Amino acid sequence: MSEVSLLSIDGSMLEGGGQLLRYSIAYSSVTGRPVRVFNIRAKRSNPGLRPQHMAAVRAAASMCGARVVGLKIGSMEIEYHPGAPRGGTYRIDVGTAGSIGLILQCVSPISAFSPRETHLELRGGTSVRWAVPVVTLANVVWRILERMGFRGSIKVLREGFYPRGGGLVRASITPVRKLNPLKMEERGEVLRVEGVSICGRLPRHVAERQARSAERVLREAGYDVDIRVEWHTGPREPLSPGSIISLWAVCSGGALIGADSLGERGKPAERVGEEAARSLVSQLETGMAVDRHTADNLIIWCSLADGESAFTTSELTMHTVTAIELAKTIVGAEFEVEGGLGEPSRIVCRGIGLENRLL
């Protein structure tokens, strides 16, 4: 494409974080339109590209033969000129505890619109602050995307916690011809709450205490609960000590509502479990069908889908609002949002019906 068609994206708009960069690169890769992203992470205390953002852009570029200008640590601006997605096998190493989940946010749409299956081996952080944990991505987000025709699997071979990271994840994604619109407005009855409480390089009782604390809160709220406990030793032992609990409510309407909490030094295991459970209970009380963190993950997929998607969410976050504005800017998807920031909301998206012409 000619330089005239380069689309400029202001990376400081609204939420102003790395999400804008990752989604801009994903959109560019699947539509073939080159982008210039400037003011990258301008609202962060350490603005510009960090290792995990570099890893996401490099991975996307390798998956579609893109030419990238300005890719270096601290850079506030890059140009991304994509080729066609091609599928295949890729190894992605963040080199730090940077989030594997956020990298998967970027590269999974590229994989879905490739001509053949994509196999990924990713090294980095599986459960880190301010990012979707891989366990939640697998058990909530990707399971919801299956309703749109997405087919993917995630296997965590080793957890990766801050500061050393070193988590190991394998993911496979099958290409789609088109994405179906998502219809998830009615939550239905809560059938049960499932979850997993994980710890590694810590005593087993940490994961057990997280689970017991979450179970107590959930049972007091009237829910049936089944939380699996995992204590990772041997080959699965993480390089740094850490813990995570991820919960999801399984509902009769097909909805999955998720919540999670990350262990931290000095934070009692009981508080970790209680935080996740109370977050889940409060979101279930809204009666909405999608949790606050999953909502922003769904926007890119709904904007590319063939038809009108509609879902309700327990809370409209700035992340979701930012994802919506970016989808409008890059692909021209149309949205209607009922409900204000920080409130339960209904989101309607008329997607562009992107077709995978490589299949």
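In which helix is His 319 found? The answer is helix H8, and that helix turns up in two of the close-ups below. Bear in mind throughout that this is a predicted model.

**View 1. His 319, a partly exposed residue of helix H8.** His 319 sits in H8 and has a relative accessibility of 33%, so it counts as partly exposed. Leaving aside residues up to four places away in sequence, His 319 touches Glu 15, Gln 19 and Asp 296. For a sense of scale, take Gly 222, which is 97 residues away from His 319 along the chain: the two C-alpha atoms are 31 Å apart.

**View 2. Thr 322, a buried residue of helix H8.** Helix H8 spans residues 318-331, and Thr 322 is part of it. Is Thr 322 buried or exposed? Its relative accessible area is just 1%, and the cut-off for buried is under 20%, so Thr 322 is buried. A polar atom of the Thr 322 side chain lies 3.1 Å from the backbone nitrogen of Glu 15. Setting aside residues up to four places away in sequence, Thr 322 touches Met 13, Leu 14, Glu 15, Gln 19 and Leu 20. Glu 15 and Gln 19 are also on the contact list of His 319.

**View 3. Helix H7, bent and mostly covered.** H7 runs over residues 292-304 and bends by about 35° at Leu 298. How many of its 13 residues are buried? The count is 12, and among them are Arg 292, Asp 296, Trp 301 and Cys 302. Leu 298, where the helix bends, is buried too. Asp 296 is the H7 residue that His 319 touches in View 1. At the start of H7, look for Asp 291: one of its side-chain oxygens comes to within 3.0 Å of the backbone nitrogen of His 293.

**View 4. Helices H2 and H3, packed side by side.** Two packed helices are described by the angle between their axes and the distance between the axes. Here H2 covers residues 51-64 and H3 covers residues 100-112, with axes that come within 9 Å and cross at roughly 15°. Angles under 35 degrees count as roughly parallel, and therefore H2 and H3 are roughly parallel to each other. Their crossing is right-handed. Which residues meet at this contact? From H2 come Gln 52, Ala 55, Ala 56, Ala 59, Ala 60 and Met 63. They meet Leu 102, Ile 103, Cys 106, Val 107, Ile 110 and Ser 111 of H3.

Methods: Residues numbered from 1 in each chain as written. Predicted model: local features only at pLDDT ≥ 70, side-chain atom pairs only at ≥ 80, totals over all residues. Heavy atoms only, no water. Bend = angle between axes of the 7 residues up to and from the residue. Helix = DSSP H or I, 4+ residues; strand = E, 2+ residues; numbered from the N terminus. Buried < 20%, exposed > 50% of the residue type's maximum accessible area, 1.4 Å probe, protein only. Polar contact = N/O pair within 3.5 Å; in protein donor to acceptor, adjacent residues only side chain to side chain. Axes fitted to C-alpha atoms, helices over the stretch in contact; angles between N-to-C directions. Parallel < 35°, antiparallel > 145°, perpendicular 65-115°, else oblique. Left-handed = near helix turned anticlockwise from the far one by under 90°. Contact = heavy atoms within 4.5 Å.
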